[in-house]
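Hi there,

Here is the structure I promised to pass on to you. Please open it next to this email, and then read on for what was found in it.

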Amino acid sequence: MKLLVVEDDPLIGPAIKAVMENAGYTVVGPLRDAAKATRLGVREQPDLALVDVYLAGGENGLTLARKLWEEHNIPSLLITGFDHRGEEARDFAVGLLRKPVMPDALVDAVGAVGEILAGLRPSSIPPALELFGRPDRASAAAPGSAPQTAPQATPQPVQQPMRRQG
């Protein structure tokens with residue numbers, strides 16, 4: 001699975017990249033601004049974008065995630081350390097991950113989102129992850145069309161994040 005990382009914090013972005021590469025993912029980025037992230041996303045066509053909600057310079061990760069989805073069919077997992085509710089992002093993002101997040105929980109969250117994008121029920125859901133469900137590709141392919149309800153993941157009891165072997 002190829003990931004696009006958009007994180008403006010100069011310590012967190014590289015840490016996310018290292019954790020995800022060590023878990024076997026291909027990582028593009030990290031990028032610190034929305035314009036570069038959009039250009040690289042179009043060129044690299046990642047399976048998922050990990051997008052910080054509040055980017056430096058007043059840029060908005062929600063706007064970036066919406067653009068990636070509606071114009072390029074790239075789903076996003078939003079990441080934030082602020083008290084942010086994800087209702088406004090349900091149409092174009094798969095979920096919201098709250099920082100700070102431990103490396104194992106980050107890997108498990110991306111794994112759960114990958115399962116959703118593959119049409120599967122997640123095997124585990126880290127407590128810091130709020131799932132929205134899978135955005136509807138039909139509405140992304142036809143901007144301006146009537147919004148469609150995305151299927152929601154069935155909540156499961158909170159479990160300790162599973163540790164990856166190897």
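**How far to trust it**

The mean pLDDT of the protein is 82, and 80% of its residues reach 70 or more; pLDDT is the predictor's confidence in each residue, from 0 to 100. This is a predicted model, in which local features need pLDDT of at least 70 and side-chain atom pairs count only at pLDDT 80 or more, while totals for chains, interfaces and linings use all residues. Residues are numbered from 1 along each chain as its sequence is written, and side-chain values use heavy atoms, with hydrogens and water left out.

Among the elements, strand β1 (residues 2-6) has the highest mean pLDDT, 98, and helix α5 (residues 137-141) the lowest, 48. Please take care with residues 138-166: pLDDT stays under 50 there, and the model has 39 contacts for them beyond four places in sequence. A contact here means heavy atoms within 4.5 Å.

**The overall layout**

You will find five helices and six strands in the protein. Both are DSSP runs numbered from the N terminus: helices are H or I with at least four residues, and strands are E with at least two. Read along the sequence, the pattern is β-α-β-α-β-α-β-β-α-β-α. Among contacts between residues at least 6 apart in sequence, 61% join residues at least 24 apart.

**The sheet and its helices**

In what order do the six strands of the open sheet lie? The order is β2-β1-β3-β4-β5-β6, and the pairing is mixed. Two strands pair if DSSP finds at least two bridges between them. At the edges are β2 (26-31) and β6 (129-131), each of which pairs on one side only. On average, neighbouring strands of this sheet are turned by 20° against each other, direction ignored.

For one pair in detail, look at β1 and strand β3 (residues 48-52), which run in the parallel sense over four bridges. Leu4 has Ala49 as its bridge partner in β3.

Two helices that pack on the sheet are worth finding next. Helix α1 (residues 12-22) touches β1, β2, β3 and β4 (76-80), and its direction makes about 180° with that of β2. Helix α4 (residues 103-117) touches β1, β3, β4, β5 (93-98) and β6, and its direction makes about 170° with that of β5. For these angles, axes are lines fitted to C-alpha atoms, for helices over the stretch in contact, and the angles run from 0 to 180 degrees between N-to-C directions.

**What is inside**

Buried residues make up 46% of the 166 residues in the protein. Buried means under 20% relative accessible area, exposed means over 50%, and partly exposed is in between (1.4 Å probe, protein chains only).

The largest nonpolar core has 24 residues, and Met20, Leu48, Leu50, Leu77, Val110 and Leu129 have the most contacts inside it. Such a core is a set of buried Ala, Val, Leu, Ile, Met, Phe, Trp, Tyr and Cys residues joined through side-chain atoms within 4.5 Å. At least two residues of this core come from each of β1, α1, β3, β4, β5, α4 and β6, with α4 giving the largest share, eight residues. Leu50 is a good residue to click on: not counting residues up to four places away in sequence, among those it touches are Leu3, Ile16, Leu77 and Val110. There is also a second, separate core of 23 residues, which includes Leu31, Val51, Val53 and Leu62.

**Around helix α2**

In α2, the residues Ala34, Ala37, Thr38, Leu40 and Gly41 are buried, and their cover includes β1, β2 and α3. Asp33 caps the N-terminal end of α2, with a side-chain oxygen 3.2 Å from the backbone nitrogen of Ala35.

**Some unusual backbone spots**

Most residues other than glycine have a negative phi, and most peptide bonds are trans. Which residue takes a positive phi just after α2? This is Gln45, at about 50°, in the loop between α2 (34-44) and β3. Asn73 has a positive phi too, of about 55°, and is found in the loop between α3 (61-72) and β4. Gln45 is partly exposed, with a relative accessible area of 44%, and Asn73 is also partly exposed, at 30%.

Two cis peptide bonds round off the tour. One joins Gly29 and Pro30, with omega about 15°, and Pro30 lies in strand β2. Another joins Lys99 and Pro100, with omega about 0°, and Pro100 lies in the loop between β5 and α4.

Enjoy exploring!

Terms used
Polar contact = N/O pair within 3.5 Å; in protein donor to acceptor, adjacent residues only side chain to side chain.
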